[in-house]
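Welcome! Here is a short tour for anyone opening this structure for the first time. Please take a moment to look it over before reading on.

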Amino acid sequence: MSEDLQSLIETAKEARLHSVAPFSDFKVGAAVKTESGKIYTGCNVESASYGLTVCAERVAIWKALSEGERQFTELAVVADTETLTPPCGTCRQIIWEFARGATIVFANLKGQSEVFHIAELLPRAFDARFLKGKKVTD
Ligand code: THU
């Protein structure tokens, strides 16, 4: 594991501490790195109207996109689980659409981690290519 990725995991761990998870008590942190080296963090934020809850990965990606970022190189996701926590289905779709090129690393608090690419997590993904007249840049 590169030092770079290891340090992104540490940043995601810190972001996890901001998690707003009073209902599940399941804290997740994420950190996404841009091509220029800037890092945006996210944590899960739960709503009393449960379905409005947003995952840590999407919070990080929304923050970055809303600041004008478009190119991402790495994404780290951290949760306190024995089996490493992967992104949910909704986040996989968003990662595919907005951070397709990023190396994804899942990690836990015990120092375990595993690296993936979104194509492994979301095969045959749907995206704008299927919408008539829309072009997607890879
Ligand atoms: N959650 C994330 O933030 N990311 C994931 O990859 C999986 C699930 C959050 C959503 C919710 O606040 C809590 O974990 C339990 O599902």
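What follows is a briefing on the ligand and its surroundings, and then on two hairpins.

Please keep in mind that this is a predicted model. The ligand takes up the space of the second largest pocket, and the protein chain also forms a hairpin from strands E1 and E2 and another from strands E4 and E5.

**Around the ligand**

- The shell around the ligand is made up of seven nonpolar, three polar and two charged residues.
- Among the residues around the ligand are Ser24, Phe26 and Val28, along with Thr53, Cys55 and Glu57.
- Pro86, Pro87 and Cys88 are also found around the ligand.

**Polar contacts with the ligand**

- Glu46 places a polar side-chain atom 2.5 Å from an oxygen atom of the ligand.
- Asn44 also has a polar side-chain atom by the ligand, 2.9 Å from an oxygen atom.
- Ala56 takes part through its backbone, where a polar atom is 2.9 Å from an oxygen atom of the ligand.
- On its own, the ligand has 370 Å² of accessible area, and the protein covers 80% of it.

**The E1-E2 hairpin**

- Strand E1 spans residues 28-34 and strand E2 spans residues 39-43; the two pair in the antiparallel sense over five bridges.
- If you would like to trace one bridge yourself, look for Lys33, whose partner in E2 is Ile39.
- Four residues lie between E1 and E2, and Gly37 in the turn has a positive phi of about 95°.

**The E4-E5 hairpin**

- Strand E4 (residues 103-107) runs antiparallel to strand E5 (residues 113-117), and five bridges join them.
- Here you can look for Phe106, whose bridge partner in E5 is Glu114.
- Five residues separate E4 from E5, and Gly111 in the turn has a positive phi of about 90°.

Technical notes
Residues numbered from 1 in each chain as written. Predicted model: local features only at pLDDT ≥ 70, side-chain atom pairs only at ≥ 80, totals over all residues. Heavy atoms only, no water. Near = heavy atom within 4 Å. Polar contact = N/O pair within 3.5 Å; in protein donor to acceptor, adjacent residues only side chain to side chain. Areas by Shrake-Rupley, 256 points an atom, 1.4 Å probe, with all protein chains shown as cover. 1 Å grid on protein atoms, 1.4 Å probe; cavity = no way out; pocket = protein on both sides within 12 Å on 5 of 7 lines; lining within 4 Å. Sits in = over half its atoms within 2 Å of the grid points. Nonpolar A, V, L, I, M, F, W, Y, C, P; charged D, E, K, R; others polar. Pairing = 2+ DSSP bridges.
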